[in-house]
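Work through the exercises below with the structure in view. Try each task before you read its solution.

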Amino acid sequence: MRRHLISILGLISILTACQSEPNGKKNERTLILTTTGMLGDAVKNLCGPSAEVKVMMGPGVDPHLYKASQGDMQLISEADIIVYNGLHLEGKLVEILEKTARTKPVIVAGEFIDKSQVLVSENAGSAPDPHIWMNVDLWSAAISGVADTLEKLIPANAEQIKANADTYSAKLGRLNAEIDSLIHQIPESGRVLITSHDAFRYFGEAYSIEVKGLQGISTVSEYGLRDVSDMANLIIDRKIKSVFIETSVSSKSLQSVISTCQAKGWNVKIGGTLYSDSMGEDGTPDGTYEGMLRHNALTIFEALK
Ligand SMILES: [Zn+2]
């Protein structure tokens with residue numbers, strides 16, 4: 001991380017020079033490229049109109065499997081600054097992003113989180129769990145780190161970014177309290193969240209809800225018949241009413257859990273669709289980080305209360 005920061009700081013002067021170039025083409029808004037929508041939303045909130053923010057992965061896109069398109073490669077080369085999640089989320093992009101970090105500022109949000117707070121996978125060796133946006137407080141800490149770095153990289157707008165970061169952080173604080181209150185209203189015995197892949201462990205830890213995913217923390221891992229039958233038994237034993245589909249993962253695996261339960265005489269329903277690794281459509285409330293998390297909390301509350 002230190003090495004990253006040093007290389008980033010070394011590039012500040014270059015960026016400042018671009019910004020102040022009189023009447024030059026470069027003297028426009030800073031172009032910031034993010035991998036996920038959640039990061040795009042944060043950077044838009046931090047920079048306001050002073051930056052043009054582009055997001056690589058749109059609604060419904062699975063970041064674990066995402067490969068850079070020709071257009072992405074173009075964007076990566078045009079961007080002034082790149083922001084990505086890290087912690088192995090963008091598994092197929094890491095090589096390109098690390099290579100790009102040698103020539104321009106690349107910010108890794110996951111590096112701003114204290115290592116002791118990063119969960120590790122139970123079934124994939126010691127791989128870090130990348131889904132840090134699911135704990136609003138933890139995400140807020142990561143975004144503060146991104147904000148500090150952006151202030152250094154874009155000194156002309158540092159004051160504005162700092163003020164925006166304070167506003168955004170206060171908003172996330174309120175969101176955190178709202179989600180916490182909703183989830184705690186679900187009776188404790190029924191507070192179990194079952195989804196296709198393990199994207200919600202940070203959510204579970206932060207808001208005291210037990211979380212079970214059929215696949216591991218990455219959608220790259222396969223699930224087997226054994227997993228389906230284990231999951232079905234758990235649902236029946238615990239009398240769980242609902243399971244949840246994710247927008248960025250196929251629902252096939254959960255459908256087979258539901259049929260297995262039904263064959264054994266337990267009628268478990270689909271409690272709704274949750275946003276796990278991507279946000280909702282642009283221009284809708286769910287197309288923001290805040291809206292995405294609120295939608296999830298409300299959906300879980302309604303189905304399990
Ligand atoms: Zn995921």
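**Exercise 1. Decide whether serine 208 is buried or exposed.**

Serine 208 has 12 C-beta neighbours inside 10 Å, so it counts as exposed. The cut-offs: buried means 20 or more other C-beta atoms within 10 Å of the residue's own, exposed means 12 or fewer, and partly exposed lies in between, with C-beta atoms placed from the backbone. Now place the residue. Serine 208 lies in the loop between α8 (201-207) and β6. Its phi is near 55°, a positive value in a residue other than glycine.

Two notes before going on. The model is predicted: local features need pLDDT of at least 70, side-chain atom pairs count only at pLDDT 80 or more, and totals for chains, interfaces and linings use all residues. Residues are numbered from 1 along each chain as its sequence is written. Helices (H or I, at least four residues) and strands (E, at least two) are DSSP runs, numbered from the N terminus.

**Exercise 2. Do the same for leucine 87.**

Start with the count. Leucine 87 has 21 C-beta neighbours inside 10 Å, so it is buried. Its loop runs between β3 (81-84) and α5 (94-100). Its phi is positive, near 55°, and the residue is not glycine.

**Exercise 3. Find what proline 63 touches.**

First, locate proline 63: the loop between β2 (51-55) and α4 (70-78). Next, count: 26 C-beta neighbours inside 10 Å make proline 63 buried. Then list its contacts (C-beta atoms, placed from the backbone, within 7 Å). Leaving out residues up to four places away in sequence, proline 63 touches Thr35, Thr36, Met57, Leu89, Glu90 and Asp277. Take leucine 89: 26 residues from proline 63 in sequence, but 6.4 Å away in space, C-alpha to C-alpha.

**Exercise 4. Work out where the buried residues of α9 lie.**

Helix α9 covers residues 225-238. Its buried residues are Val228, Met231, Ala232 and Ile235. Seen down the axis, they fall within an arc of 100° (taken from the directions from the helix axis to the C-beta atoms), so they line one face of the helix. They pack against β5 (192-197), β6 (210-215) and α10 (252-263). On the other side of α9, Arg226 and Asp237 are exposed. Lysine 239 follows the helix, with a positive phi near 55°.

**Exercise 5. Name the residues through which α3 meets α7.**

From α3 (residues 37-47) come Asn45, Leu46 and Cys47. From α7 (residues 158-184) come Ile161, Asn164, Ala165 and Tyr168.

Key: Expected span 1.5 Å × (residues − 1). Contact = placed C-beta atoms within 7 Å. Axes fitted to C-alpha atoms, helices over the stretch in contact; angles between N-to-C directions.
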